[in-house]
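Let's take a quick tour of the salt bridges in this model. Have a look at the structure first, then read on.

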Amino acid sequence: MAVAKAMARNPTLDGASEDTRDAPSYGRILKSSALIGAASLVNIGIGMVRTKAMALLLGPSGVGLLGLYSAIFDLAQSIAGMGIVSSGVRQIAEAAGSGETARIAHTAAVLRRTTWFLGVFGAVLLAALAVPVSRLSFGDADHAGAIALLALAVLCRVVSDGQGALIQGLRRIGDLAKLGMLAALYSTLIGVPIVYALGEAGVVPSLVAVALASFATSCWYSRKVRFPAVQFKALQLRREQMALLRLGFAFMASGLMMMGTAYLIRILLLRQFGPAAAGLYQAAWTLGGLYVGLVLQAMGADFYPRLTAVAQDDPQCNRLVNEQAHVSLLLAGPGAIATLALAPWVLHLFYAAEFQGAVEVLRWLCLGMMLRIVSWPMGFIILAKGAQGWFFWSETLWTLVYLALAWLGVERHGLAGAGMAFALAYVFHCLMVYAIARRLSGFAWSAANVRANLLYLPLIAVVFGGCYGLPGDAALAVGLAATAWGGAYSLRSLTTLVPPDRLPRRFRPILGGLDALSVRRAPAQVAKTPAFLAKLGFALMIATVFGMWVHWYGRNYDWTQDEAWPILELPIRWQSAIKDEYYG
């Protein structure tokens with residue numbers, strides 16, 4: 001059988017690879033991250049062209065309109081999908097772990113039929129509710145026709161996601177990466193020309209055309225793995241589908257709440273500040289998750305099926321989560337710091353000068369994204385164990401907290417308040433998910449994770465503070481220094497964790513110089529390198545905080561009249577020079 005041959009070629013499909021047993025899984029994590037990450041980098045490059053083109057063609061108001069239609073599309077897809085992606089991945093991964101071809105074929109057939117049923121149901125439902133959705137979103141029924149057209153995109157998206165769940169559950173990471181790259185390519189090569197030709201009227205047709213192309217591609221890749229024919233009786237099929245949907249209900253509710261929250265926040269901004277504010281928020285949201293999304297995609301693609309295979313073994317489950325969290329933080333930290341520090345330039349590069357109003361909200365979103373990297377690996381414990389009740393109620397509570405914070409933030413701080421709400425909501429999310437994971441599996445952070453979190457989280461907070469507490473050039477210098485430090489620390493830590501022969505081939509040219517240094521140096525010296533870099537990072541944080549205090553004191557008091565602090569003579573002179581330059 002083709003399934004058996006595929007499993008023979010890829011022993012990781014059986015869910016019992018060496019990485020899910022006693023050996024550390026750092027090598028496996030890096031390999032999957034390299035594959036998905038390389039695809040995501042291509043996606044980022046393509047997305048950079050697409051977002052720049054859309055910004056130039058549509059402007060802030062048009063981008064806001066695109067964001068609203070996208071939110072409606074995502075919300076409808078989340079309702080129609082009924083969590084079929086997450087529950088399908090889990091069911092397929094369990095079937096693949098058994099090594100039984102018949103069981104895999106049976107589960108795949110149920111998944112495919114269920115996605116077609118849900119896709120048709122969701123499309124009909126959205127078309128039927130096009131008028132009320134238009135009135136809720138835009139205040140009138142003028143957009144009902146465009147929303148009804150989105151129904152076709154919903155059908156294609158639900159079926160495509162079901163095919164993707166099959167590919168992911170079998171851990172065919174290469175095919176999954178290709179699907180992502182092709183989807184990004186379609187969005188640019190198909191979507192941009194349609195918008196160019198039709199302007200704002202082409203926003204919805206572009207979404208539909210891209211969904212159709214992605215649907216055709218997902219069908220092609222899912223059929224590369226052939227299954228024996230499976231016969232169902234009507235009662236048996238309904239029973240299997242209900243089991244799949246019951247498992248997916250909590251996943252669907254979570255996705256629905258997330259999409260609904262994003263939709264409501266955009267509506268709040270649209271009603272209070274107009275389409276331009278919604279466009280600025282959409283731009284900040286896209287860029288805030290651009291790099292971090294690379295790490296999260298790799299986490300969901302390979303980590304979730306691997307964790308499901310050992311979900312009932314608490315020590316192994318906790319070890320995998322700690323290792324995934326450690327590598328994810330090392331990979332995401334430098335990028336999040338760079339995005340925060342270079343926010344004005346990133347917005348200008350990806351969008352246009354009119355989008356500079358999104359700088360502040362983008363910085364707050366970067367803080368929240370960093371906390372998302374911390375909390376997500378723990379959240380996968382809940383998913384892998386199938387704890388539907390814990391998952392549903394925790395997501396409900398987090399959504400309510402997020403919406404309350406967003407409402408208060410936007411009322412008091414305007415557009416930036418939406419970003420503040422996201423960051424504060426993920427502080428709550430980290431604490432909540434940690435408590436649940438500890439109850440379900442006895443999870444506790446490893447010493448390595450504690451050290452990494454104590455370095456990266458305060459550092460990004462200090463860089464954030466420097467953007468407001470230091471002059472522009474000084475804040476930029478601190479951000480660049482923190483980014484360089486983060487890159488060096490992460491690279492050095494990764495080469496310490498993973499033996500050279502287990503490094504992904506794509507990483508070896510980058511890490512080759514560091515490996516060569518390791519060979520020429522004594523093992524004890526190599527082991528001390530991350531510790532030295534950690535001390536350097538703390539020194540950078542202390543110097544930045546001190547500089548912010550000097551800057552604040554100099555703006556509010558006259559240093560030259562304070563003779564009680566001769567030790568501060570050098571900072572006094574530095575501060576006087578800054579005052580002369582920036583404040584005359």
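**Salt bridges at a glance**

R157 and D161 sit together in helix 6, which covers residues 144-169, and they are four residues apart, or about one turn of the helix. Keep in mind that this is a predicted model. So how many salt bridges does the structure hold? The count is four, and here is a look at what is known about them.

**Inside helix 6**

- The side chains of R157 and D161 pair up in a salt bridge, with N to O at 3.5 Å.
- R157 is partly exposed, at a relative accessible area of 29%.

**Inside helix 12**

- R319 and E323 make a salt bridge too, and their closest N and O atoms are 3.2 Å apart.
- Both residues belong to helix 12, with their positions four residues apart, about one turn of the helix.
- Is E323 buried or exposed? E323 is buried, with a relative accessible area of just 6%.
- R319 also counts as buried, at 18% relative accessibility, since the cut-off for buried is under 20%.

**A shared network**

- Salt bridges with partners in common link D74, R157 and D161 into one network.

**Across the sequence**

- D314 forms a salt bridge with K385, and the closest N and O atoms are 2.8 Å apart.
- D314 lies in helix 12 (residues 314-341), while K385 is in the loop between helix 14 (359-384) and helix 15 (388-413), so this pair ties together parts that are 71 residues apart in sequence.
- D314 is partly exposed, with a relative accessible area of 26%.

Definitions and conventions. Residues are numbered from 1 along each chain as its sequence is written. This is a predicted model: local features need pLDDT of at least 70, side-chain atom pairs count only at pLDDT 80 or more; totals for chains, interfaces and linings use all residues. Side-chain values use heavy atoms; hydrogens and water are left out. Helices (H or I, at least four residues) and strands (E, at least two) are DSSP runs, numbered from the N terminus. Buried means under 20% relative accessible area, exposed over 50%, partly exposed in between (1.4 Å probe, protein chains only).
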